[in-house]
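Me: Please take a close look at the ligand site. Go through its surroundings, then the metal.

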Amino acid sequence: MYLRIVISLVVVVVSTSWAMAQSLTGNPKNGERIFHQYCVGCHGTTGDGLGPDIKELIVPPANFRAPKLRTRTDMELYLAIKQGVLFSPMHGWADRLSDQEIRDVLRYIRSLAPFNPVG
Ligand code: HEC
């Protein structure tokens, strides 16, 4: 009896942590599609911030490959995509992309330029 309680507790703990880990992951393939549809005009196909639509922008788009962006955490980038950056042409995408789609596109950006805490 006691053993069964322990086993079910272990199952609950393991499956919740699995679910939490899953909720932070995204699908980079779907992210690639979203990136090409909405983001390349400014951020460029390689994420270097040199897309074809940047000539009229006052603030240059972020270069995802630069240390400044590679040292940002996933959560910082996630919030920037969701809510936008104040006083910048980078508006929030919460009205057009679901939370899952934002995670997908974030995973794709990270595949172009992986997180690097030392820059
Ligand atoms: C109209 C041009 C434009 C489009 C389209 C655009 N961005 Fe941006 N983005 C910018 C600019 C400009 C900045 C730099 C903002 C700043 O540093 O003030 C930026 C910054 C960012 C940042 C970094 C924010 C930070 O923390 O410094 C991320 C991440 C980002 N964009 C993701 C995206 C994604 C994902 C898409 C597509 C869904 C997208 N952007 C579409 C112009 C654009």
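Reply: Ala, Val, Leu, Ile, Met, Phe, Trp, Tyr, Cys and Pro count as nonpolar, Asp, Glu, Lys and Arg as charged, and the others, Gly among them, as polar. By that split, the shell around the ligand holds 20 nonpolar, 2 polar and 1 charged residues. This is a predicted model, in which local features need pLDDT of at least 70, side-chain atom pairs need 80 or more, and totals for chains, interfaces and linings use all residues. Numbering starts from 1 along each chain as its sequence is written, and side-chain values use heavy atoms, without hydrogens or water.

Around the ligand are 23 residues, each with a heavy atom within 4 Å of it. Cys39, Cys42, His43, Arg72 and Met90 come nearest.

Three helices (DSSP runs of H or I, at least four residues) each give the shell at least two residues: H2 (28-43), H4 (74-83) and H5 (99-112). H2 supplies the largest share, 4 residues.

Now Arg72. A polar atom of the Arg72 side chain lies 2.5 Å from a ligand oxygen. His43 also has a polar side-chain atom 2.7 Å from a ligand nitrogen.

What are the protein donors of the iron atom? They are His43, through NE2, and Met90, through SD, at 2.0 to 2.2 Å from the iron. Donors here are N, O and S atoms within 2.8 Å of the metal. His43 sits in helix H2 and Met90 in the loop between H4 and H5, so the pair ties together parts 47 residues apart in sequence.

The iron has 6 donor atoms around it, and their angles of 87 to 179° make the arrangement octahedral (six donors, opposite ones over 155 degrees apart, all others between 65 and 115).

Notes: Polar contact = N/O pair within 3.5 Å; in protein donor to acceptor, adjacent residues only side chain to side chain. Donors = N, O, S within 2.8 Å, 3.2 Å for Na, K, Ca; no water. Tetrahedral: all angles 85-135°; square planar, octahedral: opposite > 155°, others 65-115°.
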